[in-house]
Amino acid sequence: MKSTASATWKGTGKEGTGVLNSKSGVLNNASYTYKTRFEGAPGTNPEELIAAAHAGCFAMKLSFVLVAAGFTADQLDVSCDVTLESGKVTESALTLKARVPGIDKAKFDECVNDAVKNCPISKLLNTEIKINAELS
């Protein structure tokens, strides 16, 4: 399977503008600029998209790992913070709130750690990956 997205940038790095598109249409001329990336202006940026990809990939991988261990999650809420410092992604921090009937904390932690190590986006990232997991 291949997934496809594209970017078009016009102008200088600081004053220019860019748009992002994806084959699926989820990204359709999504605007990004220096200010959306480095100054917190409204709009998206590549690191936000990486954070969304990592949160989604981890949630799905954890679901597969849990099923393989004999459990089905009622709900997995995952957020991700990607940190960009000095031109390098230095951390991807996942936060998980999970409802998984019948699982004990030790088995839950084992499944979470498996998913962190083995979700495809975790494997892609060359950075520290942290997890804060809560079972309710």
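**Group meeting talk: a small sheet, a core and some lone cysteines**

Let's start with one pair of residues: S6 has N21 as its bridge partner, and N21 sits in strand 2. Before I go on, keep in mind that this is a predicted model.

So where does that pair belong? Strand 1 and strand 2, which covers residues 17–22, are joined by 6 bridges and run antiparallel. Another pair you can look for is W9, which stands opposite G18 in strand 2. Between these two strands there's a hairpin with 6 residues in between, and there G11 takes a positive phi near 95°.

Now step over to the next strand. Strand 2 also pairs with strand 3, again in the antiparallel sense, over 4 bridges. Take V19 as an example: its bridge partner in strand 3 is S31.

Put that together and you get an open sheet of 3 strands, in the order 1-2-3, with antiparallel pairing. Which strands stand at the edges? They're strand 1 (5–10) and strand 3 (30–33); each has a single partner strand, so one side of each is left without a neighbour in the sheet. From one strand to the next, the twist averages 25°. If you're wondering what holds strands like these side by side, strands of a sheet pair through backbone hydrogen bonds.

Okay, on to the core. In soluble globular proteins, nonpolar side chains tend to be buried together. Here, the largest nonpolar core has 25 residues, and F58, L62, L66, L96, V100, F108 and V112 are the ones with the most contacts inside it. Which elements give two or more residues to this core? Those are helix 2 (46–68), strand 4 (75–85), strand 5 (88–99) and helix 3 (105–118). Helix 2 provides the largest share, 7 residues.

Zoom in on L62 for a second. Leaving aside residues up to four places away in sequence, L62 touches L76, L96, C111, V112 and A115.

C111 is a good excuse to talk about cysteines. How many disulfides does the structure hold? The count is 0. Why is C80 not bonded to C119? The closest cysteine sulfur to that of C80 is the one in C119, but it's 9.2 Å away, and that's too far for a bond. C111 is in no disulfide either: its nearest cysteine sulfur, also that of C119, is 15 Å away. As for burial, C80 has a relative accessible area of 13%, so it's buried. C111 counts as buried too, at 3% relative accessibility.

Next, a threonine in a loop. T127 lies between helix 4 (120–124) and strand 6 (128–135). Buried or exposed? T127 is buried, because its relative accessible area is 17%, and the cut-off for buried is under 20%. Its side chain has a polar atom 3.1 Å from the backbone oxygen of V89, and one 3.0 Å from the backbone nitrogen of E91. Skipping residues up to four places away in sequence, T127 touches V89, T90, E91 and S92.

Last stop: N132, which lies in strand 6. N132 counts as partly exposed, at 49% relative accessibility. Again not counting residues up to four places away in sequence, N132 touches L94, T95 and L96. You might remember L96 from the core list. N132 and K97 are 35 residues apart in sequence, and their C-alpha atoms are 8.6 Å apart in space.

That's my tour, thanks for listening!

Notes: Residues numbered from 1 in each chain as written. Predicted model: local features only at pLDDT ≥ 70, side-chain atom pairs only at ≥ 80, totals over all residues. Heavy atoms only, no water. Disulfide = S-S within 2.5 Å. Buried < 20%, exposed > 50% of the residue type's maximum accessible area, 1.4 Å probe, protein only. Polar contact = N/O pair within 3.5 Å; in protein donor to acceptor, adjacent residues only side chain to side chain. Contact = heavy atoms within 4.5 Å. Pairing = 2+ DSSP bridges. Axes fitted to C-alpha atoms, helices over the stretch in contact; angles between N-to-C directions. Core = buried A, V, L, I, M, F, W, Y, C linked by side-chain atoms within 4.5 Å.
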